[in-house]
Amino acid sequence: MVDVRWLCSDLWVAGSVPNTKQTGRATKVQYAVDAIEGSILTAPLDFAGYTVDDQAFINVSPSRQNPDATGLIGLGPNTGSQVRVALGSSAGDAVLDRIFRQNTSTPNYITVLLGRIRDPTDPPTGELTVGEIIPGYEQVTSQPKLPVSVLSSDNSANQHWQVLLDSDGVIGPAGDNVIDELNVKTVVGSTSNDKQLTVVLDTGYSLPQVPPAVAEAFYSKVPGASLVNRPDLDGQIWQIPCDKEVNVTFKFGGAEYPIHPLDTNLDMNLTDAWGRHVCIGAFQPMNPQDGATYDMIFGMAFSPYPGAGVRPYLCTARTPPTSAFSPAFHEFPADALSTVRNTYTYINFGDFVDGSASSTAAPYVQLLSTTNNSAEAHADFLKVRGDSPWKPEAVTLAQRLRSRLPLIIGLSAAAGGVLLIAAGACCFFSARKSKRQRMAFFRSRKYRPLHDPAPPVAHDLHLVNQPVNQPAYSKPWDARY
């Protein structure tokens, strides 16, 4: 069984694989919470109808976490391949690069469509194609082309399938523009419009990761909701009643992509601190690290991708005599956890393929919404979860003020500084004015020089109103009066 991940680029398999050859190299791949390492081997590979005679992969020793005959196949850009770095040549290219390079007539794109388990309307099946469109979904190629945000060459190892959300691209349960209402801004320094969030499309997260303000806008007003810390879910999460329908929408390139309510409110058979059955808000709050190249990670609850720590979309590992492994991707089942079908996803590799000419078009993504019938989605939720209606409320004034608290503090500090400067200036100019007035007063007075004789009317003022007969004194210390 092999996991499929779009955030990764390498292939690794735990345990013995037939018909392998040694390369004499080894490497390590670091994930968010763990890592794998092992020798780099080559073996024949069958994938989605294509064969690669000598695909390089990492051979991992089986463990409790990675049992025998399990593994992961990465469908991300080749620039993130640690095998490619270790081998130092195209012999270490990722699976899709090898397929595109040896089949030059095959268009450099893949598409994915998967189902949702427990969906009462559609069966939980799925397909992954290479170079072809699934019949009935041809409209995907007429959807907005979303350019892949390309990282600088010195950061190319962190390149993922990442695109820009619209500046008004988060619509909450009350139909409000969450980005504007809560002043949500990107942490990606290279983005020209700070209201456009960078979204990574990845199979490695069962719970989509969003800024805390976005998760709060989705779930904080749901009756009975609470933000809790759950180590089993790697951090904070909104716990909500299972029968509360939450409807949200995202916008890319001007097109709207509603999320099925069974994908915003997930039932993972969890209980709260009192042992009561609870569900969780699928969009989990995340605080990106400094220097982050993305703001959100959309996985299981947005596009048809599997989750982290579980194996929702599985490949059947076959070992025929002529090949090492042959993952079958058509009509494969979903895991017991919720899977989604909100978009049919088309990814064009463009010049991301190793060895592409500089004239090759840039990579892009197209998304076709598959959750367009709101009445059907509502009926699906009622059949699975029951009916407990609630009226979504828009973002409150307190939430708006809190989201703008740094700005308010900054403006208040600036206003206080202006007032202090104004008060100081007032005191300064007042003091200058008073000084000028005093100087003008003294300049207006006329005094005789000391050597001029006194005028005739002058009197000894010391004798005015003094007694006539005063006692004489002979010593300086005798009293005069």
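The buried residues of helix α6 pack against three neighbours: α5 (261-264), β18 (265-271) and β19 (277-281). Keep in mind that this is a predicted model. Which residues of α6 are the buried ones? They are A377, D380, F381 and R385. Look down the axis of α6 and you'll see these buried residues fall within an arc of 100 degrees, so they line one face of the helix. Turn to the face pointing away from that buried side, and you'll meet the exposed residues A375 and K383.

You can also check the length of α6 yourself. The helix covers residues 374-385, twelve residues in total, and at 1.5 Å a residue it should span 16 Å. The expected span is 1.5 Å times one less than the number of residues, so the last residue doesn't add a step of its own. In the model, the C-alpha atoms at the two ends of α6 are 16 Å apart, which agrees.

Here are the elements named around α6, with their residue ranges.

| Element | Residues |
|---|---|
| α6 | residues 374-385 |
| α5 | residues 261-264 |
| β18 | residues 265-271 |
| β19 | residues 277-281 |

Now zoom out. The protein chain has eight helices and 23 strands. It has 481 residues, and 46% of them count as buried. Its accessible surface comes to about 24,400 Å², with 54% of that belonging to carbon and sulfur atoms. What about contacts between residues with a separation of 6 or more? Residues 24 or more positions apart account for 70% of those in the protein chain.

Next, the inside. The largest nonpolar core has 73 residues, and the members touching the most others are F47, V130, F250, F252 and F283. Helix α4 (residues 212-219) gives the most to this core, with five residues. The core also draws at least three residues from each of domain 1 (1-102) and domain 2 (108-301 + 336-399). Apart from it lies another core, made of 14 residues, including C8, A14, I58 and L87.

Finally, a stop at one residue, N229, which you can find in strand β14 (residues 226-230). Is N229 buried or exposed? Its relative accessibility is 55%, so N229 counts as exposed, since the cut-off for that label is over 50%. Leaving out residues up to four places away in sequence, N229 touches G235 and Q236. Q239 is ten residues from N229 along the chain, and the C-alpha atoms of the two are separated by 9.6 Å.

Definitions and conventions: Residues are numbered from 1 along each chain as its sequence is written. This is a predicted model: local features need pLDDT of at least 70, side-chain atom pairs count only at pLDDT 80 or more; totals for chains, interfaces and linings use all residues. Side-chain values use heavy atoms; hydrogens and water are left out. Helices (H or I, at least four residues) and strands (E, at least two) are DSSP runs, numbered from the N terminus. Buried means under 20% relative accessible area, exposed over 50%, partly exposed in between (1.4 Å probe, protein chains only). Contact means heavy atoms within 4.5 Å. Accessible areas come from the Shrake-Rupley method with a 1.4 Å probe; for residues, only the protein chains shown count as cover. A nonpolar core is a set of buried Ala, Val, Leu, Ile, Met, Phe, Trp, Tyr and Cys residues joined through side-chain atoms within 4.5 Å. Domain bounds come from an automatic or database domain assignment. The arc is that of the directions from the helix axis to the C-beta atoms.
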